[in-house]
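This report describes a protein together with its ligand, and then turns to the spaces and backbone features of the chain. Please keep the sequence and the structure in view while reading.

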Amino acid sequence: MKRAYNFNAGPAALPEWVLQEAKEHWLNFNDTGMSLMELSHRSADYEAVHNEAKELLTSLLSIPDNYEILFLQGGASLQFTMIPMNLLPKNQTAYYALTGIWSEKALKEASKLGNTAISISSKNENYSYIPNSEQIEVPKDAAYLHITSNNTIYGTQWSSYPTNVSVPLIADMSSDILSTPIDVSKFGLIYAGAQKNLGPSGVTVVIIRKDLIKEDAALPTMLSFHTHAKSNSLFNTPPTLAIYLLSLVLKWVKKQGGVEGIATINNEKAKHLYDVIDQSNGFYRGHAEETSRSKMNVTFTLQSENLTKAFLQEAKEAGFVGLNGHRSVGGCRASIYNAVPLEHVMELTKFMKEFQRKNQ
Ligand code: PMP
């Protein structure tokens, strides 16, 4: 069977090895006589999977001891609510860097729960760039600064993080976690829906510095980080299948040489696509400013609306999936997350060059 050229933005391509491995154990996991989905989440067999996923993530990202990993549900979107609920006291203000629609959505939810302010915004330029991180300043008594490390819709990505900020830095890394090495100790909290770089949808990973986890009896039980931290994310039934597949994706990342190995391949994939755009003499136009370009989502348009439409139609016929831009911005977007093979990116570059040759 030929695998599709899958450039979906999320849920997105998974490594073929992960799917094969899951298939291998589908009917009989670990000689239990049942599938993983049928195991009790209180069983030793499941708990081993759960804890292995945490250990693999800890080693891949060198997560220090003073951090807790949580496996939650509700997607990254529920974190837009849980974060201010848990980390924004009434007498403080949370700052948000606006670099796209997802950061706007995070801000909107926080504004319903407490005082918020915008630290910096690139909305005036249609979110085509990431503001200079060195220029970001936040009052010392702020609750936290929230950023979106990779803007899935606009195709921009922070290449360095704010250093002049003394309050906890919180990052939505839904679309670039594990794509490049990061220093976790610089963050108060990192969160990511799994369905781009970590696995299937259904689980959201939260990496939180332990001193930020506070018991607050006034919070709804399920929306408190403390509830999940004190029960190893087993307070209620976790999404066991999604966490199992996450553990397999993490094993696969390790086999690629860890995050460093993956980053090298990601750089190469992104370079091939941006080279086609840059060498097209304006036939393809990238949305993001060069220094803010994402290595995960490559966004571009063609010279006219009609040509863009024709490109997307022909690409679809040629077997490329998911190249339409987000419905809010249009154009084209190639999402090239960790699991998208280099060969598929090369096929796309070939297709783009050929389309240009025929249509200019
Ligand atoms: N943040 C970012 C950066 C995203 O790309 C997305 C989804 N595309 C979300 C948040 C929302 O994630 P979810 O659908 O898991 O709530």
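## Contacts of the ligand

In this predicted model, a polar atom in the side chain of W102 lies 3.4 Å from an oxygen atom of the ligand. The side chain of Q195 also takes part: one of its N or O atoms is 2.9 Å from a ligand oxygen atom. At A76 the backbone is involved, since a polar backbone atom of this residue is 3.0 Å from an oxygen atom of the ligand. On its own the ligand has 400 Å² of accessible area, and the protein covers 85% of it.

## The shell around the ligand

The ligand is surrounded by 13 residues, of which S77, T152, D172, Q195 and K196 come nearest. Q195 is thus one of the nearest residues and also has a side-chain N or O atom 2.9 Å from a ligand oxygen atom.

What is the make-up of the shell by residue class? Eight of its residues are polar, three are nonpolar and two are charged. Helix α3, which spans residues 75-87, gives four residues to the shell, and this is the largest share.

## The largest pocket

Where does the ligand sit? It is found in the largest pocket. This pocket holds about 390 Å³ of space. Its lining consists of 23 residues, and those closest to the centre of the pocket are G10, W102, T152, Q195 and K196. Two elements, α3 and α4 (101-113), each give two or more residues to this lining.

The largest share of the pocket lining, four residues, is from α3. This helix also gives the largest share of the shell around the ligand. By class, the pocket lining has 11 polar, seven nonpolar and five charged residues.

## Enclosed cavities

How many cavities of 30 Å³ or more are counted? The count comes to three. The largest cavity has a volume of about 40 Å³.

The residues that line the largest cavity are A13, L14, P15, K196, N197, L198, G199, V249, W252, N338 and A339. Seven of the lining residues are nonpolar, three are polar and one is charged. K196 belongs to this lining, and K196 is also among the residues closest to the centre of the largest pocket.

## Backbone features

Two places in the backbone deserve attention. The peptide bond that leads from G10 to P11 is cis, and its omega is near -5°. P11 is located in the loop between β1 (5-6) and α1 (16-24). G10, on the other side of this bond, is among the residues closest to the centre of the largest pocket.

The second place is N126, which has a positive phi of about 50° although it is not a glycine. N126 lies in the loop between β4 (115-121) and β5 (144-148).

Notes. Residues are numbered from 1 along each chain as its sequence is written. This is a predicted model: local features need pLDDT of at least 70, side-chain atom pairs count only at pLDDT 80 or more; totals for chains, interfaces and linings use all residues. Side-chain values use heavy atoms; hydrogens and water are left out. A residue is near a molecule or strand if one of its heavy atoms lies within 4 Å of it. A polar contact is a pair of N or O atoms within 3.5 Å; within protein, one must be able to donate a hydrogen and the other to accept it, and residues adjacent in sequence count only if both atoms are side-chain atoms. Accessible areas come from the Shrake-Rupley method with a 1.4 Å probe; for residues, only the protein chains shown count as cover. On a 1 Å grid over the protein atoms alone, a cavity is a set of points where a 1.4 Å probe fits but cannot get out, and a pocket is an open set with protein on both sides within 12 Å along at least five of seven lines; lining residues have an atom within 4 Å of a point. A molecule sits in a cavity or pocket if more than half of its atoms lie within 2 Å of its grid points. Ala, Val, Leu, Ile, Met, Phe, Trp, Tyr, Cys and Pro count as nonpolar, Asp, Glu, Lys and Arg as charged, and the others, Gly among them, as polar. Grid points are joined across faces, edges and corners, and a volume is the space filled by probe spheres set on the points.
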